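User: I would like to learn how to read the contacts and the sheet in a model such as this one. Could you take me through it step by step?

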Amino acid sequence: MLTHLLPEFKIIRDDERCIRCEVCVRQCGFDVHSYDAEEDMLYADENKCVGCQRCAVMCPTNALTIKPHDYEYRPNANWSKEHIRDLNKQAETGGVILTGSGNDKPYRIYWDHLVLNASQVTNPSIDPLREPMELRTYLGRKPDKVEFDNNQVKVDMPAQVMIETPIIFSALSYGAISYQAWKALLEAADEGGTLCNTGEGGWPHELRPGKTRVIAQCASGRFGVDLDYLNSASIVEIKIGQGAKPGIGGHLPGEKVSADVSRTRMIPEGTDAISPAPQHDIYSIEDLSMLIYALKEATHYEKPISVKISAVHNAPAIASGMVRAGADIIALDGLRGGTGAAPKIIRDNVGIPIELALAAVDQRLRNEGIRNQASILVAGGFRNSGDITKAIALGADAVYVGTAALVAMGCTLCQKCYTGICNWGICTQDPYLSKRLNPEIAKRRLVNLIRGWSLEIKEMLGGMGINALESLRGNRLHLRAIGLDQWELDVLGVRGAGD
Amino acid sequence: MRRVIAKEEVCIGCRLCEIWCQVQHSDTKDIIKAFKKEDKQAVPRVHVEEEGARSFGLQCRNCEEPYCVYSCISGAMYYDEETGTVQHDPEKCVGCWTCIMACHRGAILRDERGERVAAKCDMCTELEVPACVAHCPNEALILVEDDQEEETE
């Protein structure tokens with residue numbers, strides 16, 4: 001059948017530089033490049049190209065340029081190229097369009113409309129290279145009041161987990177990402193003094209000894225969840241929703257359920273791993289409370305229990321219910337959160353931006369006098385340390401980074417995670433492709449990222465005249481907004497610049 | 001003693017080691033000229049062995065018992081005390097291929113561009129890091145110098 005789809009990317013090969021080494025042929029998992037020995041020429045099938053840039057990066061002579069294809073339909077403000085393309089795809093297949101990664105639509109990114117403060121004259125700024133600067137954060141329920149007995153704090157402190165920097169690796173499940181990528185995240189979290197989240201795909205047994213800087217997720221599929229799993233971690237997280245696909249479950253295709261994945265997830269090899277849309281034992285706050293306390297019992301009240309939801313319209317009220325149900329940590333995943341696979345229409349249209357959800361939830365919990373009862377983790381498209389610092393000022397305790405961690409490992413956001421083919425070896429179970437991610441190199445890059453961002457956060461704190469992250473937390477007076485409407489300022493609880 | 005160790009578990013079979021080895025042993029040492037301009041292309045002395053998803057770069061392992069040296073009939077293959085590597089002098093080589101038969105790793109190749117001579121890895125002793133190691137994109141070839149050898153093995 002004739003396809004009406006035009007190629008998305010144009011492949012330009014500089015023949016004067018091409019040495020016919022065929023590295024591009026070997027590196028493309030989508031079989032775009034081919035070598036014709038008779039003609040001694042390399043050809044490219046542009047229809048298959050996803051624009052991941054693997055061939056361009058690997059080409060030893062920089063002979064390749066991959067760029068968005070310049071074909072154009074008649075210009076139309078309503079019908080973009082993407083709309084026509086998606087519609088054609090569906091007319092040809094009758095299916096739901098799947099995608100990977102996070103929402104790429106031009107919704108307002110509030111981080112880009114918020115600016116931070118700095119000290120001038122009336123209060124001194126601090127140089128973090130010369131003076132101590134504290135990023136250490138404790139996650140977990142804090143007591144309602146502090147009592148003293150002979151100058152000693154007398155209080156039953158609920159379980160706390162210390163992280164050296166407020167940057168945590170998001171839930172990326174083994175199965176969705178390769179063993180190599182998962183291992184790199186685990187080891188980088190350990191070395192970087194932070195935490196990584198297992199995602200819902202379990203935790204390979206051989207990677208448990210000696211590693212505790214882990215948030216073990218308990219999602220609707222309950223894959224790989226048993227007592228040892230829960231007790232090996234520092235925090236247990238109940239996953240209700242994911243920012244990229246609020247209200248939608250998960251579906252790991254059987255092809256990705258290899259022998260190792262099957263053992264870790266505790267499901268038969270080659271079967272689809274289906275996570276139901278809701279947790280079927282949680283239809284109310286009271287049900288949620290039952291699971292929270294079941295997990296607390298299972299972990300002897302030694303570990304904070306987190307509950308993760310996608311940021312949706314009623315997030316503040318739901319968060320309040322979650323805290324009252326016993327959650328020690330609230331995780332919010334915003335509109336731009338990533339995924340290994342989700343219906344594109346959901347990813348691009350459901351949920352609210354994390355900035356607004358964070359401000360609203362923090363304010364609601366403060367108004368109700370229960371903000372101390374839970375830490376707030378936020379996720380969903382954090383791109384740099386500036387975004388993170390602003391999130392802390394808006395009220396977050398720490399930030400989950402998923403996409404940023406993937407990019408540090410090599411991801412170029414080609415959004416083809418759902419195909420099971422990843423030329424960078426990250427989102428695949430194909431042994432030929434997953435070998436491309438050397439866990440040692442990936443770990444090094446992740447640790448570098450955490451270190452670099454932490455240094456930058458310290459610089460920003462120092463500029464504000466603050467020497468501990470704790471002093472910035474929820475301190476919205478250090479933020480000013482530019483170019484926002486009054487309703488947005490009200491939700492964010494931030495004043496306009498110059499005010 | 002210089003050794004290159006191949007890590008099979010992270011070798012991705014891209015063959016960039018072969019390409020850069022060829023450049024290093026070309027006349028011009030320029031990648032584009034080496035492949036497009038030189039009439040007699042150099043023979044890469046590293047070869048990627050591949051079967052399915054398994055692969056690794058194979059080059060001379062500089063054996064402590066160098067059978068190639070023992071078997072060489074012309075004295076072209078010799079053990080260089082200074083660098084601790086097995087080296088080959090193409091001026092002396094007569095192209096009898098005895099070394100190829102003697103090498104149990106299959107690391108010696110034929111260079112038949114002009115005179116028939118053997119071609120083997122010279123460990124790029126003039127470079128700080130051998131070309132194949134420097135250009136391996138996934139650190140699947142590791143350079144081990146004398147003092148580190150024991151802990152790595």
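User: How much area is buried between chain A and chain B, and what share of it do carbon and sulfur atoms give?

Analyst: The size of an interface is often given as the accessible area lost when the parts come together. In this structure, which is a predicted model, about 1800 Å² is buried between chain A and chain B, and carbon and sulfur atoms give 59% of that area. Three residues, A:Ile19, A:Tyr432 and A:Lys435, supply 34% of what chain A buries against chain B, which is more than any other three residues. Counted by residues in contact, the interface takes 23 from chain A and 23 from chain B.

User: How many salt bridges are there between chain A and chain B, and which side chains meet in a salt bridge?

Analyst: The count between the two chains is one salt bridge, in which the side chain of A:Arg444 meets that of B:Glu139 at 2.8 Å, N to O. Polar contacts are counted separately, and across this interface there are nine residue pairs in polar contact, both residues being at pLDDT 80 or more. On the side of chain A that touches chain B, the elements giving two or more residues are helix 1 (23-27), helix 2 (54-58), helix 13 (431-434) and helix 14 (439-463).

User: What domains does the assignment give for chain B, and how many residues does each bring to the contact?

Analyst: The domain assignment gives domain 1 of chain B as 1-59 + 121-153 and domain 2 of chain B as 63-120. Their centres, taken over C-alpha atoms, are separated by 18 Å, and the contact takes 15 residues from domain 1 and 16 residues from domain 2. The area buried between these two domains is about 1300 Å², with 56% of it from carbon and sulfur atoms. Between the domains the count is zero salt bridges, whereas five residue pairs are in polar contact, both residues at pLDDT 80 or more.

User: Turning to the sheet in chain A, in what order do its three strands lie, and which are the edge strands?

Analyst: The three strands form an open sheet in the order 6-22-23, with mixed pairing. Strand 6 (114-116) and strand 23 (495-496) are the edge strands, each of which pairs on one side only. Strand 6 pairs with strand 22 (residues 479-481) in the antiparallel sense over three bridges, and within this part of the sheet A:Val115 stands opposite A:Arg480 of strand 22. Helix 11 (residues 385-394) of chain A packs on the sheet, touching strand 6 and strand 22, and its direction makes about 90 degrees with that of strand 6.

Methods: Residues numbered from 1 in each chain as written. Chains lettered and ligands numbered in written order. Predicted model: local features only at pLDDT ≥ 70, side-chain atom pairs only at ≥ 80, totals over all residues. Heavy atoms only, no water. Pairing = 2+ DSSP bridges. Helix = DSSP H or I, 4+ residues; strand = E, 2+ residues; numbered from the N terminus. Contact = heavy atoms within 4.5 Å. Axes fitted to C-alpha atoms, helices over the stretch in contact; angles between N-to-C directions. Domains from an automatic or database assignment. Buried area = accessible area lost by both parts, 1.4 Å probe. Salt bridge = Lys/Arg side-chain N within 4 Å of Asp/Glu carboxyl O. Polar contact = N/O pair within 3.5 Å; in protein donor to acceptor, adjacent residues only side chain to side chain.
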